[in-house]
Structures are given as structure tokens and as C-alpha cells.
Amino acid sequence: MKRGGRFQPLHMAGWLFADMLLVLALVAMGDQGDPQAAEKRPAASSSAPADGKEPRHTGPRAVVRTPVEVAVDAAEGDDDGIVRALRDATARYRGRQAAFVLTFGRHTDPGAGGRYAHEVNALLEKARPDMFRAATTRDFWKGGASPGHADIEIYFYTY
């Protein structure tokens with residue numbers, strides 16, 4: 001008796017398990033609140049707390065989807081110049097904390113562009129320790145004939 005052409009329900013068990021796991025993941029993700037929407041809601045009391053301190057955040061911290069884009073121009077190997085340029089470029093975002101940073105080093109050679117991006121990323125914490133502490137960084141190359149230039153995309157936490 002040949003069994004090759006018959007339907008075997010046991011073969012579907014793996015697919016059923018995978019589908020159920022997918023549904024469970026979607027339900028779990030859908031259950032999360034939107035931290036940006038929570039920030040837009042007016043507070044229950046419009047007056048400031050009696051102690052004058054900032055209210056404590058109670059919702060989950062998330063990453064803002066839209067990056068802040070800045071540019072840095074400093075010669076390769078000039079650590080002090082890169083740190084100064086980073087401080088100038090990020091001055092208006094003081095007080096915020098970066099979740100992750102994508103740095104695109106411009107150069108005609110991909111290797112040199114990637115090395116410059118790595119050099120800039122290595123100096124982020126030196127330039128702004130509170131902003132870039134524990135931030136995830138990635139080095140990329142961006143074609144261009146202007147070595148010593150990096151385009152940086154910073155994704156900040158919501159608070």
C-alpha cells in the first residue's frame with residue numbers, strides 16, 4: 001500500500017504552530033501603547049508639581065521614528081576638530097538621549113568612507129557623553145568627493 005499521495009495531518013502541525021506563534025506576536029505588539037500619543041495628552045492637572053520637579057514618565061520609552069539629521073565637516077585624524085564639529089552640530093539637541101546613530105562617511109573609496117564614519121562614531125561619546133552613552137552606532141559609506149564629511153542620522157528616545 002502506497003501512502004505518498006494521501007494527506008497526512010501530522011505534516012500540518014509545524015505550519016499550524018508557526019501561524020499560531022505569528023498571531024500571538026501580533027497580539028502582543030498590538031497591545032503596546034503609543035508613547036508619543038501619551039505625551040500629547042494634556043495632563044490631568046495643568047499646574048506644575050508643588051516641588052517644581054519634572055513629572056515622572058510612566059509609559060514605556062520608545063524610539064522616535066524620524067531621525068535628526070546633522071552633518072560634520074572635519075579632517076580625518078583630527079579628533080579635536082571632529083569633537084568640536086559634533087558638539088556644534090548637536091548643540092540644539094542637548095538633554096536628549098540617542099538610541100542609535102547611523103553615520104555615513106563621504107568619500108570616493110568605500111573603505112575610506114567607512115573608516116571615517118567609524119572614526120566619527122568613536123568620538124560621539126567624547127563630544128556629548130550624556131547624549132550618546134550606550135547608543136548603538138553603525139558605520140556606512142556614502143559616495144562623494146568630499147572626504148572629511150559625514151552625514152549623521154540620530155534616532156532619539158522619546159524621553
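**View 1. Parallel pairing of strand 2 and strand 3 in the predicted model.** Strand 2 (residues 98-107) and strand 3 run parallel and are joined by 8 bridges; two strands count as paired if DSSP finds at least two bridges between them. F100 stands opposite T136 in strand 3. Strands (E, at least two residues) and helices (H or I, at least four residues) are DSSP runs numbered from the N terminus. The model is predicted, local features need pLDDT of at least 70, side-chain atom pairs count only at pLDDT 80 or more, and totals for chains, interfaces and linings use all residues. Residues are numbered from 1 along each chain as its sequence is written, and side-chain values use heavy atoms, with hydrogens and water left out.

**View 2. The open sheet and the helices packed on it.** In this mixed sheet, 4 strands follow the order 1-4-2-3. Strand 1 and strand 3 (136-143) are the edge strands, each pairing on one side only. Neighbouring strands are turned by 20° against each other on average, direction ignored. Helix 3 packs on the sheet, where it touches strand 1 and strand 4, and its direction makes about 150° with that of strand 1. Helix 4 also packs on the sheet, touching strand 1, strand 2, strand 3 and strand 4; its direction makes about 145° with that of strand 3. Angles run from 0 to 180 degrees between N-to-C directions, and axes are lines fitted to C-alpha atoms, for helices over the stretch in contact.

**View 3. Strand 1, its two faces and its partner.** Strand 1 (residues 68-73) presents V68, V70 and V72 on a covered face, and E69, A71 and D73 on an uncovered one. Its pairing with strand 4 (residues 149-156) is antiparallel and extends over 6 bridges. I154 in strand 4 is the bridge partner of V68.

**View 4. Packing of helix 3 against helix 4.** The axes of helix 3 (residues 79-90) and helix 4 (residues 110-122) lie 10 Å apart and form an angle of about 70°. Helix 3 is therefore roughly perpendicular to helix 4, a term that covers angles of 65 to 115 degrees. Helix 3 passes helix 4 in a right-handed crossing, that is, the near helix is turned clockwise from the far one by less than a right angle. D79, I82 and L86 in helix 3 meet Y116, E119 and V120 in helix 4, contact being defined as heavy atoms within 4.5 Å.

Note on methods:
Buried < 20%, exposed > 50% of the residue type's maximum accessible area, 1.4 Å probe, protein only. Parallel < 35°, antiparallel > 145°, perpendicular 65-115°, else oblique.
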